[in-house]
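Please open the structure in your viewer and keep the selection tool at hand. The tour below goes from stop to stop, saying what to select and what is found there.

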Amino acid sequence: MQISSSFGSEKFLSHPVSWLDDDTDVELNALIRRLVGFDVLIVPGLDGSGEGHWQSQWKKLLIRQGVFVQSVEQDNWVSPDLMTWKKTLESSVTLCTRPVLVVAHSLGALLTVHCADLKIAGALLVAPADAEEARASDRLRVRGFAPLPQATVRFPSVLATSDNDEWLSPARARFMAHCWGAELFPAGRVGHIGNRENLGIWRAGFRALEKLLDRIDNEQTISEEHEV
């Protein structure tokens, strides 16, 4: 088991970076400020996340802006084993020292739900791989992750879904979100939102991340009110 981690101390610049317009730059500044109190844990899926994957792009960007980010590195990305992958994720969460914010994709998203008892502040579940009913040609490679958990997860979550994802149909995405208590975030027609789609920084994903932070804040407020 390996954990790839980095920390950037550079402050977020007041001028927009190349892929942002002025309005988005302001919004991203606000998002960065909300993330600095978390340990962000990137959880890739089947075959990992290449350099062009939005998870890798997010990691680079967030580190440059002073956010602490770790990437879970499985020993075997090609032939996933549920128990082995769970142990790696559990170890990664245990090593974090601040509230853990999970950013998971595909089989990594399903893995996160399989580890729902972990102490996680919140999880962005992007295009969870449907180990039961996926139409993808590689679906047999993930059959060990079935059956899908159907209990409500104990942490706030947002499930981002695509209308033309061979790994997750819209109907199944709605079913998962209902079972897990996740807020559904329609991302449009962007395939599996993975390596093949070449989405770059995937700006729309920041909207989903913002919704997750809102859910975390809301649940914290409710919890504090109950304590009074």
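Begin by selecting Cys179, which counts as buried at 11% relative accessibility, in a model that is predicted. Add Cys96 to the selection: this residue is buried too, with a relative accessible area of 13%. How many disulfides does the structure hold? The count comes to zero, because a disulfide would need a pair of cysteine sulfur atoms within 2.5 Å.

Next, turn to the nonpolar interior. In soluble globular proteins, nonpolar side chains tend to be buried together. Select Leu89 and Trp180, the two residues that touch the most other members of the largest nonpolar core, a set of 42 residues. To see where this core draws its members from, colour strand 2 (39-43), helix 3 (82-95), strand 4 (100-105), helix 4 (107-114), strand 5 (122-126) and helix 5 (170-180), each of which supplies at least two of its residues. Keep Trp180 selected and show what surrounds it: leaving aside residues up to four places away in sequence, Trp180 touches Leu110, Val113, Leu125 and Pro128, and also Leu148, Pro149, Gln150, Ala151, Thr152, Val153, Ser157 and Leu159. A second core, separate from the one around Trp180, has 34 residues, and Leu31, Leu61, Ala187 and Leu213 are among them.

The following stops concern charged side chains. Side chains of opposite charge can pair when their charged atoms come close. The structure holds 12 salt bridges, and three of them are visited here one by one.

For the first stop, select Arg207 and Glu27, whose side chains meet in a salt bridge with an N to O distance of 2.3 Å. Arg207 lies in helix 6 (residues 204-227) and Glu27 in helix 1 (residues 22-35), so this pair ties together parts of the chain that are 180 residues apart in sequence. Are these two residues buried or exposed? Arg207 counts as partly exposed, at 38% relative accessibility, and Glu27 is likewise partly exposed, at 36%.

Move on to Arg98 and Asp39, where the side chains form a salt bridge at 3.0 Å, N to O. This pair links distant parts of the chain, since Arg98 is in the loop between helix 3 and strand 4 while Asp39 is in strand 2, 59 residues apart. Here the partners differ in accessibility: Asp39 is buried, with a relative accessible area of 2%, whereas Arg98 counts as partly exposed at 32%.

Then select Arg196 and Glu166, which form a salt bridge whose closest N and O atoms are 3.8 Å apart. Arg196 lies in the loop between strand 7 (183-186) and helix 6, and Glu166 in the loop between strand 6 (157-161) and helix 5, so the pair ties together parts that are 30 residues apart in sequence. Arg196 is exposed, at 70% relative accessibility, while Glu166 is partly exposed, at 33%. Before leaving the charged residues, select Asp130, Glu132, Glu133 and Arg172 together, as salt bridges that share partners join them into one network.

For the last stop, show strand 6 and strand 7, which run parallel and are joined by four bridges. Within this pairing, Thr161 stands opposite Pro186 of strand 7. Finally, follow the chain from strand 6 through helix 5 to strand 7, a path that makes a right-handed β-α-β crossover.

How values were computed:
Residues are numbered from 1 along each chain as its sequence is written. This is a predicted model: local features need pLDDT of at least 70, side-chain atom pairs count only at pLDDT 80 or more; totals for chains, interfaces and linings use all residues. Side-chain values use heavy atoms; hydrogens and water are left out. Buried means under 20% relative accessible area, exposed over 50%, partly exposed in between (1.4 Å probe, protein chains only). A nonpolar core is a set of buried Ala, Val, Leu, Ile, Met, Phe, Trp, Tyr and Cys residues joined through side-chain atoms within 4.5 Å. Contact means heavy atoms within 4.5 Å. A salt bridge is a side-chain nitrogen of Lys or Arg within 4 Å of a carboxyl oxygen of Asp or Glu. Two strands pair if DSSP finds at least two bridges between them. A crossover is right-handed if, with the strands pointing away from the viewer, the path from the first strand over the helix to the second runs clockwise.
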